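This briefing is intended to be read alongside the sequence and the three-dimensional view. It proceeds by topic, from the sheets to the chain as a whole.

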Amino acid sequence: MILNVANISIIGSGFSSLSAACYLSAQGHRVTVFEKNSSVGGRARQLVREGFRFDMGPTFYWMPDIFERFFADFQRTPQQYYTLGRLDPGYRIYFGPDDYFDQPAGPEKLEEAFESLERGSGRRLRNYLDSARFNYRVAIDRVIYRPARTPLELVMPETALRLPQFFGSLSHRIGRSFRDERLRQMLEFPVLFLGAKPEKTPSFYRFMNYADMGLGSWHVEGGMVRVAEGIKAMAESLGVAFRMNAEIRAIQTDRNRVTAVCTRNQTIPTDLVVSGADYVHTESLLPVTQRNFSERYWQRRVFAPSALLFYIGFDRPIDRVGHHTLFFDTSFKAHAGKIYDRPGWPEAPMFYASFPTRTDPSLGPPGKECAVVLIPTAVGLTENDEIKER
């Protein structure tokens, strides 16, 4: 906690910046958020074209308890700022042209659906998700809200009792319980799409399966940008100031202390800076002598995947798709290898598509379909790299 009242400048207006602004302002500090775009949300902004409204970044609303806890810290609720509805089915996965799985909401229906693909898998799923639920509670209640200053923060009775889960892989653990390749892909995809290969992810991360199947997939009426707009409204009620179309181009320092932030045409004195921008970009705003890492260091890092995104407006509804639809009708491992092992454009990519107008017609013109298509790719690929048609 910052003991003295300070002028604090926050770079960006993504979810991390917005939440930091709320907490710091509630502590009595003078907080200003600087956003280079004309709207808040960061990667959760919205693209509006010809009556279509596209979520530019996140489209899944998972872990609703995290949002409830955040708003409760300010004696508010998410429902005061946006409208939520649980999706049923949560999503559809295609394994082939006529081979798909609709993930039902609720444990009993989910177990029945698994059982229809592999005998005995319903009971095994129940046991697997019971363990995943415990890991989720440890991760959320005991780990995620710690300051992450040292790995020793992970040492506690709950994690010590599950020490083997930090050495065995998620892929191996799933393979022990489920033989059907479709079920295995269904349980592995959350970590793949969030930035890791299942065979190199500790099995403790099965808590993501509870976030998915236990807590469910939700839709925010009007799109994910409504969450960012809601937090902005709450932040303003707490006294936070917002400066839009104000890109921070430099952070000035004196004797190892921040003194000001600079936009294109203005220098604004400040006592502290909090940045919600990517770390490597934030460091580029500092004088070279004040940076923690060199360019050579960043070039040797392994980054999480990037994505190729398409925002598509169809002139008619699309058949046989769900609100969230994943296309796994190609090699799961081959695509992961193109991301992590041999970076390049996947020749036959898996991909994800969101068709939110199936749930929320307000996101597109009457009788038309709004779609966001995402293909996970390796970081560092450029527009000059060849994209092979599937």
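In what order do the six strands of the open sheet with mixed pairing lie? The order is 7-6-15-16-17-14. The model discussed here is predicted. Its secondary structure amounts to twelve helices and 17 strands.

**The six-stranded sheet**

- The edges of this open, mixed sheet are taken by strand 7 (99-102) and strand 14 (306-314). Each of these has a single partner strand, so one side of each is left without a neighbour in the sheet.
- On average, neighbouring strands of the sheet are turned by 20° against each other, direction ignored.
- Within the sheet, strand 15 (residues 324-327) and strand 16 (residues 351-354) run antiparallel and are joined by four bridges. Across this pair, Phe-327 stands opposite Phe-351 of strand 16.

**The three-stranded sheet**

- A further open sheet has three strands in the order 10-11-12, with antiparallel pairing.
- Strand 10 (250-254) and strand 12 (267-269) are its edge strands; each has a single partner strand, so one side of each lacks a neighbour in the sheet.
- From one strand to the next, the twist averages 35°.
- Five bridges connect strand 10 with strand 11 (residues 257-262), and the two run antiparallel. In this pairing, Asp-254 stands opposite Arg-257 in strand 11.

**Parallel pairing and the β-α-β unit**

- Strands of a sheet pair through backbone hydrogen bonds, in either a parallel or an antiparallel manner.
- Strand 1 (residues 7-11) and strand 2 (residues 30-34) run parallel, with five bridges between them. Ser-9 stands opposite Thr-32 of strand 2.
- Helix 1 (residues 15-26) combines with strand 1 and strand 2 in a right-handed β-α-β unit.
- Strand 2 also runs parallel to strand 9 (residues 241-243), to which three bridges join it. Here the bridge partner of Val-33 is Phe-242 in strand 9.

**Buried and exposed positions**

- Is helix 8 (residues 207-214) mostly covered or mostly exposed, and how many of its eight residues are buried? Helix 8 is mostly covered, with seven of the eight residues buried.
- The buried residues of helix 8 are Phe-207, Met-208, Asn-209, Tyr-210, Ala-211, Asp-212 and Met-213.
- Just after helix 8, Gly-216 adopts a positive phi of about 85°.
- Gln-79 lies in the loop between helix 2 (64-72) and strand 5 (84-86). Gln-79 counts as exposed because its relative accessible area is 52%, and the cut-off for exposed is over 50%.
- Gln-79 and Ile-318 are 239 residues apart in sequence, and their C-alpha atoms are 31 Å apart in space.

**The chain as a whole**

- A compact globule of 390 residues would have a radius of gyration near 21 Å; the value for the chain is 22 Å, which agrees.
- The C-alpha trace spans about 65 × 55 × 45 Å along its principal axes.
- Of the 390 residues in the chain, 46% are buried.
- Among contacts with a separation of 6 or more, 69% are between residues 24 or more positions apart.
- The chain exposes about 20600 Å², of which carbon and sulfur atoms supply 51%.

How values were computed
Residues are numbered from 1 along each chain as its sequence is written. This is a predicted model: local features need pLDDT of at least 70, side-chain atom pairs count only at pLDDT 80 or more; totals for chains, interfaces and linings use all residues. Side-chain values use heavy atoms; hydrogens and water are left out. Two strands pair if DSSP finds at least two bridges between them. A crossover is right-handed if, with the strands pointing away from the viewer, the path from the first strand over the helix to the second runs clockwise. Axes are lines fitted to C-alpha atoms, for helices over the stretch in contact, and angles run from 0 to 180 degrees between N-to-C directions. The radius of gyration is taken over C-alpha atoms; the globule rule is 2.2 Å times the number of residues to the power 0.38. Buried means under 20% relative accessible area, exposed over 50%, partly exposed in between (1.4 Å probe, protein chains only). Contact means heavy atoms within 4.5 Å. Accessible areas come from the Shrake-Rupley method with a 1.4 Å probe; for residues, only the protein chains shown count as cover.
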